[in-house]
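Dear colleague,

I am handing over the structure below, and after it I set out what was found, in an order that should suit someone meeting it for the first time.

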Amino acid sequence: MNAILESPTRPHAHPLRGYLYIAGAALSWGVSATLGRAAFTGHLLPGGASLAAINPLIISQSRATLSLAVLLPILLARRGWTALKVPQQDLARLVVLGVLGVAASNYLYYVAIQRTNVATAIILQYTAPVWVLLYTVVRGAQRPSWRRNAAVALAVVGCALAVGLVGSGGFRMDPLGVIAALLAAFSFAFYNVGGHSLLARYDRWKVLLWVLVGTAAFWMVINPPWKVVAAQYGRAQWLFMAVFSLVSVLVPFSCYFAGLQHLEPTRAIVASCLEPVFSIVIAAAVLGELLRSLQTLGIALVLIAIVLIQLPDRAARSDELLVEPME
């Protein structure tokens, strides 16, 4: 298991490109958070057409499986099967990353939303930067840095304010939901560190392909296709799941893995805290939800954290875990 978490030290010089990729992933996840209302409320948007609620397991399974169904034929047509193969040892690591990283974080996040609420699920999942920082410091991959520590703290506090945790009574202490959200945070941290090491050797499309293969295969074992058919979802639900899979998995993960090729895990995961920021802004613009002053402050803190963590730190510069782009 340790092998998947080891990140090589290889130089590169495109951090700005990495931040743009991560921002694109966060924006796509922010859009999917708005679309996700349909899965739990039965409506795409207030006043929109009704949509029967979809089980969290089906949402998690369909977003990975349908994304794979789109990505695999494209890569086969462009590259051929031989070019997509990876050594058996790395294939096992990619499958583990798909199961314990992507599948686990997605499903546990939705369980947390069901058992608690969006604010609780988001803020607990976005403690992930703390776990990534602690892991890299304990493993000796990075030296402690006041800028890095402050950026992680600001990002977590900013997320808490942005989702309305403070001043709105939005935190809900359902034990199972809280545990699910914390486990989702660990899974999020896991695929940040593990994905970074694998992206040192393979381009992001190959990594994404085999991660999705692992994720889809896992869900097929947990929830076989005949059970999905037995649920008798209608055309509108399948259309929603198809769109949702592209917006919440294929587009953002391809961007996120591209960002991990340019940024070490702590910087990438702090930048990913833009997701709740985009979610709040999109909800305000599209759904007419009011943006409170504390939420505005939270957004500002997340932006400050992202700027702070990308500033050069002389003491830790030689220790950064950077991956040379393979585009």
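A residue is called buried when its relative accessible area is under 20%, and exposed when that value is over 50%. Please keep in mind throughout that this is a predicted model.

With that cut-off in hand, Ala185 is a convenient place to begin: its relative accessible area is 0%, so Ala185 counts as buried. Ala185 belongs to helix H10, and, leaving aside residues up to four places away in sequence, it touches Leu124, Gln125, Thr127, Ala128 and Trp131. Its C-alpha also lies 8.6 Å from that of Pro129, although the two residues are 56 apart in sequence.

For the chain as a whole, the secondary structure amounts to 16 helices and 0 strands, and 54% of the 327 residues count as buried. If one takes the contacts between residues at least 6 apart in sequence, 89% of them join residues at least 24 apart.

The helix that holds Ala185 also packs against another helix, since H10 (residues 175-198) and H6 (residues 88-115) have axes 7 Å apart and meet at an angle of about 150 degrees. As angles over 145 degrees count as roughly antiparallel, H6 is therefore roughly antiparallel to H10. The crossing of these two helices is left-handed, and the residues of their contact divide into 19 nonpolar, 6 polar and 3 charged.

Helix H9 deserves a paragraph of its own. It has 17 residues and spans 24 Å from its first C-alpha to its last, which is close to the 24 Å expected at 1.5 Å a residue. Its buried residues are Arg148, Ala151, Val152, Ala155, Val156, Gly158, Cys159, Ala160, Leu161 and Ala162. It may help, when looking along this list, to recall that an α-helix has 3.6 residues a turn, so residues three or four places apart point the same way.

Which residues of H9 meet H8, and which meet H16? On the H8 side, Arg148, Asn149, Val152 and Val156 of H9 meet Pro129, Val130 and Leu133 of H8, and by class this contact has 5 nonpolar, 1 polar and 1 charged residues. The axes of H8 (residues 128-138) and H9 (residues 146-162) come within 9 Å and cross at roughly 160 degrees, which means that H8 is roughly antiparallel to H9. H8 passes H9 in a left-handed crossing.

On the H16 side, the residues of H9 in contact are Arg147, Arg148, Ala150, Ala151, Leu154, Ala155, Val157, Gly158, Cys159, Leu161 and Ala162, while those they meet in H16 include Leu294, Leu297, Gly298, Leu301, Ala305 and Ile309. H9 and H16 (residues 293-309) pack at an angle of about 160 degrees, with their axes 7 Å apart, and they are therefore roughly antiparallel to each other. Their crossing is left-handed, and the contact residues divide into 17 nonpolar, 3 polar and 2 charged.

Finally, one residue in a loop may be worth a look on your screen. Gln232 sits between helix H12 (225-230) and helix H13 (235-260), and it has a positive phi of about 55 degrees although it is not a glycine. Is Gln232 buried or exposed? Its relative accessibility is 68%, so Gln232 counts as exposed.

With best wishes

How values were computed: Residues are numbered from 1 along each chain as its sequence is written. This is a predicted model: local features need pLDDT of at least 70, side-chain atom pairs count only at pLDDT 80 or more; totals for chains, interfaces and linings use all residues. Side-chain values use heavy atoms; hydrogens and water are left out. Axes are lines fitted to C-alpha atoms, for helices over the stretch in contact, and angles run from 0 to 180 degrees between N-to-C directions. Helices (H or I, at least four residues) and strands (E, at least two) are DSSP runs, numbered from the N terminus. Angles under 35 degrees count as roughly parallel, over 145 as roughly antiparallel, 65 to 115 as roughly perpendicular and the rest as oblique. A crossing is left-handed if the near helix is turned anticlockwise from the far one by less than a right angle, and right-handed if clockwise. Contact means heavy atoms within 4.5 Å. Ala, Val, Leu, Ile, Met, Phe, Trp, Tyr, Cys and Pro count as nonpolar, Asp, Glu, Lys and Arg as charged, and the others, Gly among them, as polar. The expected span of a helix is 1.5 Å times one less than its number of residues. Buried means under 20% relative accessible area, exposed over 50%, partly exposed in between (1.4 Å probe, protein chains only).
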